[in-house]
Amino acid sequence: MKLLFVADLHYTLKQFDWLYARAADFDAVVIGGDLLELAGALDIDTQIVVVEKYLARLAGRTRVLVSSGNHDGDARNAANESVCHWLRDAKRANLYVDGDSVEIGDALVTICPWWDGPETRADVLSLLERDSAKAKKKWIWIYHAPPANSPVCWNGRKAAGDECLSEWIARFSPDVVLCGHIHNAPFYKDGSWIDQLGKTWVFNPGKQIGPVPTYLILDFQLSQVQWSSLEDEHTREIAIKA
Ligand SMILES: [Zn+2]
């Protein structure tokens with residue numbers, strides 16, 4: 001099983017074009033949140049229409065798994081927390097979104113939405129509890145924010161990760177967590193694109209300008225993961241312990 005993983009495209013359409021060109025080579029393309037850009041020149045409704053078209057085209061080439069990030073909210077719930085409705089509405093054949101769990105090869109992939117407060121955080125925990133009860137050989141989470149206390153959340157000044165995610169990783173021990181959110185973590189001396197917490201591998205591909213996003217290729221047959229950016233390219237072995 002081979003996955004292509006990116007996050008934080010922030011409405012960089014040339015990077016969506018690049019994804020489309022590469023998609024057919026993979027069993028799935030994973031986008032780990034922040035597809036839109038809240039501070040962009042275009043209003044969010046227009047961005048949503050365009051990104052929905054890209055996702056539909058991508059889903060014509062391979063399976064596409066997409067989680068929301070903090071830039072993707074288009075509504076607020078009763079507790080006034082930001083929520084992402086458009087992505088759930090965009091769901092179609094081959095396109096899996098927040099709240100879905102997807103079987104790919106021998107892996108179960110859980111797609112976690114961005115949480116913005118106690119209510120949406122409780123929803124994420126319910127999702128993880130639901131999927132923890134399912135039979136699976138490998139468990140992969142898509143989760144926009146990186147865990148706390150890890151170089152994958154280093155923002156140049158401090159570790160800026162999600163404490164709840166760290167707790168949930170310790171509790172559920174997934175095999176792989178695909179994150180994003182802290183754009184420069186892979187580029188700092190004290191940061192990284194890869195880390196291991198207990199038996200769980202965590203990744204943050206980072207973000208760069210230009211037509212090619214920073215990306216990860218996860219090859220579960222070879223137990224290898226490759227990170228590519230304009231600056232650098234690295235390959236690491238990742239043994240997944242059963
Ligand atoms: Zn971002």
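Let me begin with a salt bridge: the side chains of Lys-91 and Asp-100 meet at 2.7 Å, N to O. This is a predicted model, and everything I describe should be taken in that light. The two partners of this bridge differ in their surroundings. Lys-91 has a relative accessibility of 44%, so it counts as partly exposed. Asp-100, by contrast, has a relative accessible area of 12% and is therefore buried.

In total, the structure holds nine salt bridges, and I shall discuss two others. One joins the side chains of Asp-106 and Lys-138, with an N to O distance of 2.7 Å. That pair links distant parts of the chain, since its members stand 32 residues apart. Asp-106 belongs to the loop between β7, residues 101–104, and β8, residues 107–111, while Lys-138 is in strand β9. Asp-106 is partly exposed, because its relative accessible area is 36%. For Lys-138 the value is 13%, under the 20% limit, so this lysine is buried.

The other bridge is formed by the side chains of Asp-131 and Arg-130, at 2.9 Å from N to O. Arg-130 and Asp-131 are also joined with Lys-134 into one network, through salt bridges that share partners. Asp-131 has a relative accessibility of 0%, and so it counts as buried. Its partner Arg-130 reaches 37% and is classed as partly exposed.

I turn next to charge at the surface. Where does a patch of negative charge gather? Four aspartates form it: Asp-43, Asp-45, Asp-74 and Asp-89. Of these, I would single out Asp-45, which is found in helix α2, spanning residues 44–59. Its relative accessibility is 55%; exposed means over 50%, so Asp-45 meets that criterion.

Now to the backbone. Two residues deserve attention for their phi angles. His-10 is not a glycine, yet it has a positive phi of about 45°. This histidine lies in the loop between β1, residues 2–6, and α1, residues 13–22. Is His-10 buried or exposed? At 7% relative accessibility, it counts as buried.

The second case is Asn-149, again a residue other than glycine with a positive phi, here near 60°. Asn-149 sits in the loop between β9, residues 138–142, and α5, residues 163–172. With a relative accessibility of 62%, Asn-149 counts as exposed.

A contact between remote parts of the sequence also merits mention. Trp-18 and Pro-211 are separated by 193 residues in sequence, but their C-alpha atoms are 6.9 Å apart in space. Trp-18 has its place in helix α1. Its relative accessibility is 14%, so the tryptophan counts as buried.

Finally, the protein as a whole. Its secondary structure comes to five helices and 15 strands. Along the principal axes, the C-alpha trace spans about 45 × 40 × 40 Å. Why may the protein be described as agreeing with a compact globule? For 242 residues, such a globule would have a radius of gyration near 18 Å, and the 16 Å found for this protein agrees with that expectation. Buried residues account for 54% of the 242 residues. Among the buried residues are Asp-131, at 0% relative accessibility, and His-10, at 7%.

Technical notes: Residues numbered from 1 in each chain as written. Predicted model: local features only at pLDDT ≥ 70, side-chain atom pairs only at ≥ 80, totals over all residues. Heavy atoms only, no water. Patch = residues over 30% accessible without salt bridge, like charges linked within 9 Å, V, L, I, M, F, W, Y side chains within 5 Å. Areas by Shrake-Rupley, 256 points an atom, 1.4 Å probe, with all protein chains shown as cover. Lys, Arg positive; Asp, Glu negative; His and termini not counted. Charge placed at Lys NZ, Arg CZ, Asp CG, Glu CD. Helix = DSSP H or I, 4+ residues; strand = E, 2+ residues; numbered from the N terminus. Buried < 20%, exposed > 50% of the residue type's maximum accessible area, 1.4 Å probe, protein only. Rg over C-alpha atoms; globule rule 2.2 N^0.38 Å.
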